[in-house]
Each structure stands twice: as C-alpha cells, then as structure tokens.
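Take a look at the sequence and the structure below. This report walks through ring contacts, charged pairs, pockets and cysteines.

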Amino acid sequence: MPLIGFVSGALFALPLSISGIFAGVIVSSVNRKWMLCLGCIVWSAITFLQGYIDSFVAFCVLRSLMGVAMSVCNPLAYSLIRDYFPPSKRATANSLYSSAIYVGNALASLNIIFIKEYGWRNGYMAIGILGITLAFFGIIII
C-alpha cells in the first residue's frame, strides 16, 4: 500500500516543511497567541472536512492544506516559549514541548479504538470538533 504512505507521509510533510519556512517569517510580525488559535481552528476544520468529503482527490488536497495550516505551530510555539520563560528555563520548556509532540502522536494512535467503534470518518470529524473547541477555549483564556 504505497499510496497510504504517500497520503500519510509526503502529502502532509512536504507542504508542512516548505510552508514552515514562510510561517517563521510571518510569526515575527503578528500576534502569536491569536495566530496559534486561528491556526488550530483552520487545521481542525480541515481535519473535520477530511472525514466529511467523499473524493480521494479532495482528501489529498485537504491533507496538503493541513500540512500548510500546521506549519505555523512550531515557529509559534518556540517563539511563545521564548516570551513566557526566562533563559534559564527555556531549555526545559523546549524539551517538554518537543516531547509533547511525540506523546501526542502516541496518544493519537488510541484513535484506532474510536475508529473501530465509530468509523474513520467520525474519527476525523470528532478530532476536528475537539480541536476547534480547544482553540476557542484558547481564545477565551488569552
């Protein structure tokens, strides 16, 4: 199944990597807290749509757009860590953030249980709704 590897790998990672360079430039000139919340809303909406659409081509386009939308996260996170933590605590904060990425990926594999019970489409839609909800919560507490 090389197509699955392409859709889950390169179709997401290439746009993420390339647009991440531009996201780093943009992050320097905007309100980072608001951009993080907006980015989360956009990539969560794209996640929701991935479960909703019926076209494989549209799914591939959305997968690439998800990479572009998520590219803002790392530059924003490291920039916010710099703002919120003194130099003596930044290495610890950066390592916790970096570790959380992999813990989150590991926990995401638990979605298999949800998918088995409710289907892959509902899995995408549920995660999309959760992300949008958490982003709005972030907006409220900013």
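Six aromatic pairs turn up in a search of the whole structure. Rings of Phe, Tyr and Trp (its six-membered ring) pair if their centres lie within 6.5 Å; planes under 30 degrees apart are stacked, over 60 edge-to-face, and the rest tilted. This is a predicted model, in which local features need pLDDT of at least 70, side-chain atom pairs count only at pLDDT 80 or more, and totals for chains, interfaces and linings use all residues. Residues are numbered from 1 along each chain as its sequence is written, and side-chain values use heavy atoms, with hydrogens and water left out.

**Aromatic pairs**

Start with F59 and Y124. Their pair is edge-to-face, with 5.9 Å centre to centre and 85 degrees between the planes. F59 lies in helix α4 and Y124 in helix α8, so the pair ties together parts that are 65 residues apart in sequence. Helices (H or I, at least four residues) are DSSP runs, numbered from the N terminus.

Are these two residues buried or exposed? Buried means under 20% relative accessible area, exposed over 50%, and partly exposed in between (1.4 Å probe, protein chains only). F59 is buried, at 11%. Y124 is partly exposed, at 24% relative accessibility. W120 joins F59 and Y124 in one aromatic cluster.

Another pair is made by F114 and Y118. This one is tilted: 4.8 Å centre to centre, 45 degrees between the planes. Both residues lie in helix α7, four residues apart, about one turn of the helix. F114 is partly exposed, with a relative accessible area of 29%.

**Salt bridges**

Side chains of opposite charge can pair when their charged atoms come close. A salt bridge is a side-chain nitrogen of Lys or Arg within 4 Å of a carboxyl oxygen of Asp or Glu. The count by this rule is three. The table gives the closest N and O atoms of each pair.

| Pair | Closest N and O atoms |
|---|---|
| R32 and D83 | 2.0 Å |
| D54 and R121 | 3.1 Å |
| R82 and D83 | 3.1 Å |

Where do R32 and D83 lie? R32 is in helix α3 and D83 in helix α5, so their salt bridge ties together parts that are 51 residues apart in sequence. D83 also pairs with R82. R32, R82 and D83 are thus named together as a network of salt bridges. D83 is partly exposed, at 37% relative accessibility. R82 is partly exposed too, with a relative accessible area of 44%.

Now turn to D54 and R121. D54 lies in the loop between α3 and α4, and R121 in helix α8, so this pair ties together parts that are 67 residues apart in sequence. D54 is exposed, at 71% relative accessibility. R121 is partly exposed, at 27%.

**Pockets**

On a 1 Å grid over the protein atoms alone, a pocket is an open set of points where a 1.4 Å probe fits, with protein on both sides within 12 Å along at least five of seven lines; lining residues have an atom within 4 Å of a point. Grid points are joined across faces, edges and corners, and a volume is the space filled by probe spheres set on the points.

The largest pocket has a volume of about 1,600 Å³. Its lining holds 41 residues, and W43, M70, I101, G104 and N105 lie nearest its centre. Elements that give two or more residues to this lining include α2 (10-27), α3 (32-52) and α6 (87-108). Which helix gives the largest share? That is α8, with 10 residues. By class, the lining has 28 nonpolar, 12 polar and one charged residues. Ala, Val, Leu, Ile, Met, Phe, Trp, Tyr, Cys and Pro count as nonpolar, Asp, Glu, Lys and Arg as charged, and the others, Gly among them, as polar.

The second largest pocket has a volume of about 190 Å³. L3, I4, V7, S8, F56, F59, R63 and Y124 line this pocket. F59 and Y124, the edge-to-face pair, are thus among its lining residues. The largest share, four residues, comes from α1. The lining divides into six nonpolar, one polar and one charged.

**Cysteines**

How many disulfides does a search of the whole structure find? The search finds zero. A disulfide is a pair of cysteine sulfur atoms within 2.5 Å. C73 is in no disulfide, and the nearest cysteine sulfur, that of C40, is 8.2 Å away. C60 is buried, at 14% relative accessibility.
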